[in-house]
Amino acid sequence: MSVEEKKIDVYSGAVLDRKKKIRIQRGSPETGIEMVEYDVEYDHTEVVLDIVHRVQAEFAPDLAVRWNCKAGKCGSCSAEINGMPKLMCMTKMIDYDDVDVLEIRPMRTFPVIKDLVTDVSWNFEVNKRIKPFKPPEGLKELTMQQKHVDRVQEYRKCIECFLCQNTCHVLRTHQKTNEFAGPRFMIRLASLEMHPMDTEENRLKEIKDDFGVMMCNITRCCTEVCPEEINITDNGIIPLKERVIGEFYDPLAKAISWVKKLL
Ligand code: SF4
Ligand code: SF4
Ligand code: FES
């Protein structure tokens, strides 16, 4: 095909010289759910979200999809692409050049509202139950060691895409949403519990009883899908479990921790 014959996307300038069969999950529980197939042209520089937008523009203007930044920072375009939980805006089409069909489904752990849009409001309800940071009374200046700053910064990279919540089998397969807050909130709880200036006394008891940290069996699936590469399991959940065990199940560890506090 000569340069003059190539089809160009008039909005983005993309050169549409490749083709792919795309199957997208359409519908809602009320209307019925089905996979609908589209033949879509694309450019080697494009990402999956571009292709979903092309389907919207050329074939299905009513296709529902949630997105905002197209830069991997708002956390709203989460989906399952050929079975893998990913951000659509950060997933390159060239990674699928050798694949005949691309299947795009909404996150399976959350109820479908329509097409690729799910109801993730359960996560926001869990978040509301977490008590905020409680600094010591009368604190005027906060001085922290660099290692504490680094640790909290890692936790705070979370963009709330909920891909880890979608992947965790405790939520996805066993639906233990009443007992386990999930990896995203283990990370938030870790950022508070391990903050050297947090004085919330019941935090550890709540992490154990209300947020169910001991239900995690350290499969590390959540860490594998995190687009921010937060080491959810090793740097968040395992230290929380160790603290819970030290406080509630190991009298010797508890005594040592009290002695350390006095030194
Ligand atoms: S490591 Fe724990 S939180 Fe992460 S996916 Fe496995 S069970 Fe869920
Ligand atoms: S911890 Fe990672 S995967 Fe989980 S919500 Fe935050 S950014 Fe997404
Ligand atoms: S559109 Fe914001 S993370 Fe993908």
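Val117 lies in strand S7, which spans residues 117–118. The model described here is a predicted one. Val117 is classed as partly exposed because 19 other C-beta atoms lie within 10 Å of its own, whereas a residue counts as buried if there are 20 or more. Leaving aside residues up to four places away in sequence, Val117 touches Ala64, Val65, Arg66 and Pro106. A further relation links Val117 to Ser78: the two are 39 residues apart in sequence, and their C-alpha atoms are 9.0 Å apart in space.

From this residue the reader may turn to the sheet. Five strands form an open sheet in the order S2-S1-S5-S3-S4, and their pairing is mixed. Strand S2 (32–42) and strand S4 (84–87) stand at the edges; each has a single partner strand, so one side of each is left without a neighbour in the sheet. On average, neighbouring strands of this sheet are turned by 30° against each other, with direction ignored.

The pairing at one of these edges can be followed in detail. Strand S3, residues 78–81, is joined to S4 by four bridges, and the two strands run antiparallel. Within this pairing, Glu80 has Pro85 in S4 as its bridge partner.

A helix completes this part of the description. Helix H1, formed by residues 48–58, lies across several strands: S1 (18–28), S2, S3 and S5 (101–105). Relative to S2, helix H1 runs at about 105°. Strand S2 is thus met twice in this account, as an edge strand of the sheet and as one of the strands that helix H1 lies across.

Terms used
Residues numbered from 1 in each chain as written. Chains lettered and ligands numbered in written order. Predicted model: local features only at pLDDT ≥ 70, side-chain atom pairs only at ≥ 80, totals over all residues. Buried ≥ 20, exposed ≤ 12 C-beta atoms within 10 Å, placed from the backbone. Contact = placed C-beta atoms within 7 Å. Pairing = 2+ DSSP bridges. Axes fitted to C-alpha atoms, helices over the stretch in contact; angles between N-to-C directions.
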